[in-house]
Amino acid sequence: MAALESPPPGTPSAMRHAFGSVLSALILLLIGVLAFSIRLFSVIKYESVIHEFDPYFNYRVTQFLSKNGIYEFWNWFDDRTWYPLGRVIGGTVYPGLTLTAGTIWWVLNSLNIPLSVETVCVFTAPVFSAFASWATYLLTKEVKGSGAGLAAAALLAMVICSIGIRLIFLLVNIMAMTLIGYWMSCTLFSIGVSFSGIFHKCLLIGFQNVSFLSKWLSLQVPSYISRSVAGSYDNEAVAIFALIFTFYLYIKTLNTGSLFYATLNAIAYFYMVCSWGGYTFIINLIPMHVLLCIVTGRYSPRLYIAYAPLVVLGTLLAALVPVVGFNAVLTSEHFASFLVFIIIHVIALVYYIKGILSPKMFKVAVTLVVSIGLVVCFIVVAVLVALVASSPTKGWSGRSLSLLDPTYASKYIPIIASVSEHQPPTWPSYFMDINVLAFLVPAGIVACFSPLSDASSFVVLYIVMSVYFSGVMVRLMLVLAPAACIMSGIALSQAFDVFTASIKYHLSGSSNSKDDAEDKTSTNNASKDDGSAGKTDKGEESAKERSSRKGKKKEREPADKPSVKSKIVKKKALVLPFEASIVALLLLIMLGAFYVIHCVWAAAEAYSAPSIVLTSQSRDGLHVFDDFRESYAWLSHNTDVDDKVASWWDYGYQTTAMANRTVIVDNNTWNNTHIATVGTAMSSPEKAAWEIFNSLDVKYVLVVFGGLIGYPSDDINKFLWMVRIGGGVFPHIKEADYLRDGQYRIDSEATPTMLNCLMYKLSYYRFVETDGKGFDRVRRTEIGKKNFKLTHFDEVFTSHHWMVRIYKLKPQKNRIRGRAKKLKLKTSSSKSAKKNPWI
Amino acid sequence: MMNISRSVSLISLFLLPLLSFSFSVDNPTDRRVLVLLDDLSLKSSHSIFFNTLKSRGFDLDFKLAEDSKLALQRYGQYLYDGLIIFAPSTERFGGSLDSKSIADFVDSGRDLILSADTSASDLIRGISTECGVDFDEDSSAMVIDHTSFSVSDVDGDHTLIAAEDLVKSDVILGKTKIEAPVLFRGVAHSLNPTNNLVLKVLSASPSAYSANPSSKLLSAPQLTGSAISLVSVMQARNNARVVISGSLQLFSDRLFRSGVQKAGSPNKYEKSGNEQFVTELSKWVFHERGHLKAGNLVHHRVGETDEPAIYRIKDDLEFSVEIFEWSGKSWEPYVANDVQVQFYMMSPYVLKTLSTDKKGLFHTSFKVPDVYGVFQFKVEYEKLGYTTLSLSKQIPVRPYRHNEYERFIPTAYPYYGACFTTMAGFFVFSFVYLYHK
């Protein structure tokens with residue numbers, strides 16, 4: 001908080017600042033509490049469990065870490081997945097999340113707080129979302145502080161608005177304590193209101209972080225699942241915090257030019273690299289911003305300090321993470337940063353030379369350098385192109401390529417396209433996830449352009465890039481959410497600026513205004529860094545009294561405003577009619593209220609399902625489908641510890657974590673061939689499938705079947721991906737064989753290949769016994785082949801609602817039969833012609 | 001219900017010692033053999049064969065095939081360890097016996113001698129089909145050979161074959177060579193060449209064919225030449241052994257005693273090879289020979305004795321396994337130079353022949369390949385006549401730990417030098433730049 005830094009002691013404003021800082025801390029704390037508690041719906045509605053798929057792997061890794069220590073974790077070779085290849089966990093996992101949770105667990109245990117690893121894992125995500133909201137607050141503050149847009153009068157009025165908003169929040173019953181506390185304090189003291197705008201934003205951010213909940217839509221169904229609710233123990237839980245914090249430190253460095261923050265920035269970047277593969281977003285976005293600054297003539301030593309140490313230290317640190325290693329300098333994702341690194345040095349040199357040379361000499365030097373530089377550049381580019389072109393994927397990994405060319409993955413890599421997270425989002429999902437922010441973001445962008453600073457240009461770039469990326473891949477909606485929050489915060493603040501300025505203008509005219517030099521100097525710290533704000537700004541404090549809506553309390557709201565140039569002219573231009581302002585304010589408040597309601601609803605209903613336990617509401621009450629855990633428990637109790645279980649890869653992590661059985665493939669889809677082998681087995685007829693599974697030492701096959709209860713994300717619905725992935729490696733599997741006239745169907749019109757493949761048989765074996773017709777509630781049709789026997793598999797377990805079915809491979813036949821040809825029945829009875837054995 | 005189950009368990013408790021004496025992993029030779037006959041006169045007409053069995057300690061239980069009290073099991077326990085079916089014409093067994101129960105009997109690891117004959121019943125054909133042996137579909141067909149028939153064949157239709165084409169296996173037919181031809185009169189059968197469980201022990205000569213000797217040959221016979229098998233054996237995957245013969249007379253006293261002279265051959269033998277052939281074959285089928293057991297699969301790093309939970313790539317390890325052979329009375333060390341171990345992960349990365357110390361211990365040592373993953377030590381030993389050995393033990397192989405790599409690579413010393421001189425140079429430069437005025 002800029003205003004906090006040097007309050008002159010003994011003045012009323014210092015008093016206000018002191019209260020302000022206490023209040024700001026309180027509000028931040030409450031925002032943290034809110035961010036934490038809104039994510040506890042899943043724990044309250046279900047139980048404290050780990051959710052979904054990937055979190056189970058992370059949980060298992062954390063357990064290993066807490067049991068065996070960091071060196072064993074680093075060198076962990078896991079022989080229970082990807083049988084028989086195994087997986088070097090230590091070298092293929094982003095360790096940030098695990099190490100974070102492991103450290104928390106270790107600290108708590110050292111303090112004699114005996115929490116289980118699972119509890120720590122469940123609550124890591126909510127805790128870090130609180131951190132993330134604080135980081136967002138810091139980032140917005142940095143951006144805002146450099147923008148010279150806060151008018152004292154506007155802020156004065158904004159408090160009222162904020163209170164108004166908060167009263168509605170009160171009705172929404174979430175933040176009662178905050179509001180009352182804040183409202184009371186507002187009434188009782190006149191506060192250094194320069195904070196209030198920021199508070200307002202904090203609140204927004206507190207709520208808006210709910211939109212971090214944004215996560216992917218499942219491929220077939222709107223099964224919304226969140227990445228940061230309690231139990232969603234995934235990389236993104238800590239990575240979003242790391243991402244925003246890195247951006248904050250970058251902006252901080254950009255604003256201060258401090259090498260200290262630059263170093264911190266590199267360390268934050270390191271934490272991000274540890275946490276999530278999305279770190280490439282940072283290492284591409286920041287260079288882009290640097291390039292933008294250079295191109296727009298905003299080069300400054302601060303920019304150099306913000307960027308150069310990040311590249312050098314950041315790359316060195318990133319290379320220390322085993323999973324990244326030499327990729328930090330070898331893959332194309334990182335090339336942009338190095339290129340910009342070179343450019344910024346060239347520019348720095350140019351500025352330096354410009355400083356020591358006369359303009360004429362400089363011109364000569366420029367022509368000389370440019371001509372030599374062009375030659376060198378050409379050579380470098382040629383070498384780079386040759387290097388990149390020599391690699392098959394042109395140096396880009398598949399996931400990154402699918403970012404640049406959205407059609408790339410579905411064309412070439414079915415395994416990437418098959419993941420629902422990698423699908424482009426639908427429009428409703430935008431509305432679902434960011435709601436009214438979608439409308440506020442454009443306004444925020446406009447606000448960022450008046451005036452444009454280094455920091456605000458960064459946020460603009462951030463939102464543009466994240467909108468693009470989220471349009472490519474649902475999963476990256478996660479990156480968009482904080483950007484949208486920041487933008488909307490700025491937009492709302494600007495809107496309140498305008499409206500409250502108008503109100504104030506109408507109410508008080510200019511009678512109460514007076515110069516407040518102290519406030520001006522104290523609030524302009526940030527503006528000074530920026531240099532764009534005029535030194536001749538006049539602060540203005542307005543105090544006014546006005547009865548609140550309830551008519552009980554009076555408030556006295558001072559505010560100060562470092563205004564932009566030609567303040568008075570601008571102010572006049574921005575004045576709106578009194579009534580219009582009031583109406584607009586109320587509308588904005590209502591907008592906020594609806595947003596809060598939506599977010600709470602989304603957090604409670606859409607994003608809190610753990611997906612391993614399903615519920616459904618029907619006329620006769622709540623139904624709970626706990627089939628997954630039932631089946632994994634069956635596996636762990638009834639099978640040998642070294643038995644191998646084959647299933648589609650979605651269930652790999654859960655099987656290893658919950659049933660502790662070896663799996664063939666899992667959600668870490670690193671080996672396409674292996675997955676294709678399983679896909680081929682699932683799409684082959686029984687005998688061929690048996691042979692494939694037997695060659696992999698598989699004992700049990702697990703399929704997920706939703707036809708009985710209407711659970712749509714079952715294996716039959718995923719089956720076409722198995723065919724595609726299998727066919728990608730083993731060409732005898734052809735997708736067309738499974739489709740009737742291009743249509744995927746399992747009823748009597750289905751192709752014989754489809755009706756004879758293993759997946760169909762394992763899913764629908766004995767299904768007709770349930771209702772006599774074999775009516776599949778997901779596909780809403782009667783199945784094509786109803787009565788059949790399995791020749792190579794034995795059904796050993798079917799869960800309560802038939803969601804999970806486990807089959808055992810029959811052992812190889814003890815004997816091989818001769819010709820199965822039915823012998824001709826002899827009519828002539830040879831019995832009478834019994835031979836005398838003595839002949 | 002409770003009482004019944006209790007009494008069953010009591011009986012089985014009582015029977016258990018008896019059973020364990022008779023047939024077990026430790027003592028694989030059969031003891032109690034059920035002989036099913038379609039005519040009790042066979043008991044005397046084939047007495048030599050039965051007596052050799054008795055003299056070797058087998059407990060023979062003769063029953064008529066149509067005996068209504070026939071049962072292989074009682075209270076879920078098998079009453080017999082072996083079964084001899086000399087009832088080629090039986091259409092239905094008495095009691096609870098049928099083709100499926102006999103197949104189950106084999107699948108439980110027990111042994112069977114089945115003899116068909118001309119005009120064998122569908123039941124017998126069905127059982128043999130279960131075992132992978134297909135008799136000639138024409139029920140009146142016999143094996144006819146106009147070149148290698150026995151000269152004593154008075155009928156002149158050349159159906160008494162003097163077969164010499166024996167499988168070359170000391171394990172199945174004993175070490176002593178069978179000099180005299182084996183006399184055979186009966187029906188031909190064929191084997192599916194892709195079936196690797198069945199084996200021709202006695203095959204017909206290239207000039208043989210299968211047809212009805214009393215009728216005129218109208219079309220080319222379906223089974224001809226050495227594709228015709230006269231006697232076959234089957235060793236199931238669980239090592240149950242089955243002998244299927246196309247001739248019941250093969251086992252008879254008459255052919256045992258008869259002299260033999262193959263047509264066109266000057267050698268005349270006083271006694272046919274039948275007795276030796278059948279006796280040796282019965283030794284094999286009742287597991288008196290060629291039964292191996294393996295165990296005690298041990299591996300450890302060179303220089304250590306304990307078995308590790310995981311190997312590292314490029315570790316040196318020692319592997320050993322013990323293999324014994326059943327001699328009929330005791331377990332003797334198995335001696336062979338062709339036992340191999342695989343270090344297997346989807347395909348064998350290492351394939352080593354084990355050397356033996358002639359006391360049953362087979363051992364070798366090798367280096368773990370430079371590939372990590374979940375490997376298996378696999379010993380898969382399938383040798384003609386011997387029981388199949390299939391052992392495997394899973395062992396993961398991990399890559400190097402972070403501190404097991406070389407810390408300093410000699411070839412990289414120039415780079416280390418460059419790095420440190422740059423650092424020193426930068427320090428000096430900074431010092432001079434900052435403080436030299």
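So, chain B: in this predicted model it has nine helices and 28 strands. How spread out is chain B next to a compact globule? Its radius of gyration is 32 Å, and the globule rule gives 22 Å for 437 residues, so chain B is well over that value and more spread out than a compact globule. You get the same picture from the C-alpha trace, which spans about 130 × 65 × 40 Å along its principal axes.

A few more totals for chain B. Of its 437 residues, 52% count as buried. If you take contacts between residues at least 6 apart in sequence, 70% of them join residues at least 24 apart. The accessible surface comes to about 20,600 Å², and carbon and sulfur atoms account for 56% of that.

Now, the annotations on chain B. UniProt, in an unreviewed entry, puts a "transmembrane region" at residues 413-435 of chain B. What does the chain look like over that stretch? It's 100% helix and 0% strand, with the end C-alpha atoms 33 Å apart. The unreviewed entry in UniProt also gives "domain: OST48 middle" at residues 299-437 of chain B. In the model, that span is 17% helix and 43% strand, and its end C-alpha atoms lie 73 Å apart.

Let's look at a sheet in chain B. Five strands make an open sheet here, in the order 20-28-27-23-24, with mixed pairing. Which strands stand at the edges? Those are strand 20, at 311-312, and strand 24, at 347-353; each has a single partner strand, so one side of each is left without a neighbour in the sheet. Strand 20 of chain B pairs with strand 28, residues 389-398, in the parallel sense, over two bridges. If you want a spot to click on, Arg312(B) stands opposite Arg398(B) in strand 28.

Over to chain A, which has an open sheet of five strands as well, this one in the order 10-9-11-15-14. The pairing there is mixed. Strand 10, at 662-663, and strand 14, at 793-798, are the edge strands of that sheet, each pairing on one side only. Further in, strand 11, residues 698-704, runs antiparallel to strand 15, residues 804-809, and five bridges join the two. One of the pairs to look for is Tyr700(A), whose bridge partner in strand 15 is Lys808(A). While you're looking at sheets, keep in mind that side chains in a regular strand alternate between the two faces.

There's also a neat hairpin in chain A. Strand 7, residues 614-618, and strand 8, residues 621-625, pair in the antiparallel sense over five bridges. How many residues sit between those two strands? Two. Across the hairpin, Leu614(A) stands opposite Phe625(A).

Next, the cores. The largest nonpolar core has 100 residues, and those with the most contacts inside it include Leu243(A), Phe247(A), Tyr250(A) and Phe281(A). Helix 23 of chain A, residues 477-508, gives the most to this core, with 15 residues. Take Leu243(A) as an example: setting aside its neighbours within four places in sequence, it's in contact with Met272(A), Phe281(A), Ile282(A), Tyr462(A) and Val479(A). A second, separate core has 75 residues, among them Ile178(B), Leu202(B), Leu248(B) and Tyr334(B).

One more residue in chain A: is Ile725(A) buried or exposed? With a relative accessible area of 1%, against a cut-off of under 20%, Ile725(A) is buried. Ile725(A) lies in helix 32, residues 715-729. Its C-alpha atom is 5.3 Å from that of Ala676(A), although the two are 49 residues apart along the chain.

Last bit, some backbone oddities. Most residues other than glycine have a negative phi, and most peptide bonds are trans. Against that, Tyr83(A) and Pro84(A) are joined by a cis peptide bond, with omega about 0 degrees. You'll find Pro84(A) in the loop between strand 1 (77-78) and strand 2 (87-88).

Then there are two positive phi values. Asn660(A) has phi near 55 degrees; it's in the loop between helix 29 (652-659) and strand 10, and at 37% relative accessibility it counts as partly exposed. For Asp697(A), phi is near 60 degrees. Asp697(A) is in the loop between helix 31 (686-695) and strand 11, and at 25% relative accessibility it's partly exposed too.

Key
Residues numbered from 1 in each chain as written. Chains lettered and ligands numbered in written order. Predicted model: local features only at pLDDT ≥ 70, side-chain atom pairs only at ≥ 80, totals over all residues. Heavy atoms only, no water. UniProt positions renumbered as here; feature names shortened; annotations may be inferred. Helix = DSSP H or I, 4+ residues; strand = E, 2+ residues; numbered from the N terminus. Pairing = 2+ DSSP bridges. Buried < 20%, exposed > 50% of the residue type's maximum accessible area, 1.4 Å probe, protein only. Core = buried A, V, L, I, M, F, W, Y, C linked by side-chain atoms within 4.5 Å. Contact = heavy atoms within 4.5 Å. Rg over C-alpha atoms; globule rule 2.2 N^0.38 Å. Areas by Shrake-Rupley, 256 points an atom, 1.4 Å probe, with all protein chains shown as cover.
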